Amino acid sequence: MVLKGAIVLPESRSPVEIMRTMNIPPFPKPVEISDFESLTNARLSDKFSLSEQAAALVEYMLYPVSEATRASFASTLGSLPDPLRLNLKGMSRIQNRWLRVTDVFHIYYDTAIGGHQARRGGATISKAVHLAAKNTKSLGTGEATFWSAWKAYKDVATAVTATVLIWDNARRIFKNEYLEAFRTHDDAEPITLDQLSPFHIVLLMPDFVLAVARSFEDFALTKITSRVDVGFDPETLWRIPANINVASVSPPVRAIRPVDKLILNARRAGNRGRRHKTPVDPPAPKPL
């Protein structure tokens with residue numbers, strides 16, 4: 001997968017008076033990323049140093065709801081000699097939920113940008129959840145699982161999806177390599193790409209994550225359908241600061257497969273994954 005392609009948004013987003021913006025300091029110099037492979041290779045091979053941008057971004061991504069929890073995590077992360085090796089209780093589960101959120105958001109994005117389902121009300125989060133669940137064969141990944149993850153992390157879905165895409169891209173490009181970025185001191189052991197996690201990507205490449213997330217944010221705040229959708233609330237979505245000093249990078253648009261179109265066309269509007277039951281005529285009343 002190569003991150004490229006231009007986005008043509010169907011309609012300019014409408015302004016909102018109330019918004020939430022992540023408290024992330026700007027990068028000292030303007031950042032424009034054009035060579036994704038070289039950047040990824042450099043970050044995975046150079047000695048790691050935790051930036052204030054990475055520390056701030058990952059707090060919101062892990063704990064978008066609780067300011068107190070973010071503050072506690074920030075204190076822990078800043079006190080560690082090897083932040084990349086942090087593995088707090090619950091972090092693995094959070095990152096697994098990030099994968100579900102990415103499935104939903106990217107299907108929603110692909111469906112909208114590709115102009116699919118136009119005759120059936122356009123792209124919606126509920127359709128994306130339905131298709132994501134249908135395409136996942138693992139146990140415990142029904143629609144309820146995707147809805148739960150989405151509701152918990154939808155306000156940081158733009159950054160989460162950008163992170164997972166970059167993580168997947170890194171593992172595809174650099175197979176069977178060791179990551180020197182984890183050698184924060186001479187006797188530290190490097191890790192393999194199989195051990196690389198989305199959390200590591202945020203710490204190693206916060207500028208890359210923010211660059212892709214900015215494009216996703218523009219999309220997320222664009223009205224793509226007149227229907228009311230359980231998607232993004234512009235008043236609660238955590239936004240990237242306007243002065244972050246990072247130029248946006250357009251994410252890829254994936255083609256909707258023919259089988260995906262069949263699944264979406266077979267889904268009954270408003271079904272939300274519930275089984276459709278054929279209506280049965282009520283029994284005739286008994287004579288008195």
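## A guided tour of the predicted chain

Of the 288 residues of the protein chain, 47% count as buried, where buried means under 20% relative accessible area, exposed over 50% and partly exposed in between, with a 1.4 Å probe and protein chains only. This is a predicted model, in which local features need pLDDT of at least 70 and side-chain atom pairs count only at pLDDT 80 or more, while totals for chains, interfaces and linings use all residues. Residues are numbered from 1 along each chain as its sequence is written, and side-chain values use heavy atoms, with hydrogens and water left out.

**The whole chain**

Begin with the entire chain in a cartoon view, where the secondary structure comes to ten helices and four strands; helices (H or I, at least four residues) and strands (E, at least two) are DSSP runs, numbered from the N terminus. Read along the sequence, these elements follow the pattern β-α-α-α-α-α-α-α-β-β-α-α-β-α. If a contact is taken as heavy atoms within 4.5 Å, then among contacts between residues at least 6 apart in sequence, 80% join residues at least 24 apart. A surface view exposes about 15,500 Å², of which carbon and sulfur atoms supply 51%; accessible areas come from the Shrake-Rupley method with a 1.4 Å probe, and for residues only the protein chains shown count as cover.

**Colour by confidence**

Next, colour by pLDDT, the predictor's confidence in each residue, from 0 to 100. The mean for the protein chain is 80, and 73% of its residues reach 70 or more. Select residues 4-17, where pLDDT stays under 50 and the model has 27 contacts beyond four places in sequence. Then select residues 271-288, over which the pLDDT is also below 50, and for which the model has nine contacts beyond near neighbours in sequence.

**The aromatic cluster**

Rings of Phe, Tyr and Trp (its six-membered ring) pair if their centres lie within 6.5 Å, with planes under 30 degrees apart counted as stacked, over 60 as edge-to-face and the rest as tilted. By this rule the count comes to nine aromatic pairs. Select Tyr-109 and Phe-216, which form an edge-to-face pair at 5.2 Å centre to centre, with 85° between the planes. The pair links distant parts of the chain, since Tyr-109 sits in helix α4 (residues 91-113) and Phe-216 in helix α9 (residues 206-220), 107 residues apart. Tyr-109 counts as buried at 0% relative accessibility, and Phe-216 is buried with a relative accessible area of 0%. Extend the selection to Phe-105, Tyr-108 and Phe-219, which ring pairs link with Tyr-109 and Phe-216 into a cluster.

**The salt bridges**

A salt bridge is a side-chain nitrogen of Lys or Arg within 4 Å of a carboxyl oxygen of Asp or Glu, and by this rule the count comes to four. Select Arg-20 and Asp-155, whose closest N and O atoms are 3.4 Å apart. Arg-20 lies in strand β1 (residues 20-21) and Asp-155 in the loop between α6 (143-153) and α7 (157-173), so the pair ties together parts that are 135 residues apart in sequence. Arg-20 counts as partly exposed at 25% relative accessibility, whereas Asp-155 is buried, with a relative accessible area of 15%.

Move on to Arg-43 and Asp-207, a salt bridge whose closest N and O atoms are 2.7 Å apart. Here Arg-43 lies in helix α1 (residues 36-45) and Asp-207 in helix α9, so the pair ties together parts that are 164 residues apart in sequence. Arg-43 counts as partly exposed at 25% relative accessibility, and Asp-207 as buried at 6%.

In helix α7, select Arg-172 and Asp-168, which lie four residues apart, about one turn of the helix, and whose side chains meet in a salt bridge at 2.6 Å, N to O. Arg-172 counts as partly exposed at 48% relative accessibility. Adding Lys-154 to the view brings in a network, in which salt bridges that share partners join Arg-20, Lys-154 and Asp-155.

**Two single residues**

Select His-200 in helix α8 (residues 198-204), a residue that counts as buried at 8% relative accessibility. Not counting residues up to four places away in sequence, His-200 touches Leu-84, Phe-182, Ile-191 and Gln-195. A polar atom of the His-200 side chain lies 3.0 Å from the backbone nitrogen of Ser-197.

Finish at Asn-245, in the loop between β4 (238-239) and α10 (258-266), where phi is near 75°, a positive value in a residue other than glycine. Most residues other than glycine have a negative phi. Asn-245 counts as partly exposed, at 28% relative accessibility.

Note on methods
A polar contact is a pair of N or O atoms within 3.5 Å; within protein, one must be able to donate a hydrogen and the other to accept it, and residues adjacent in sequence count only if both atoms are side-chain atoms.
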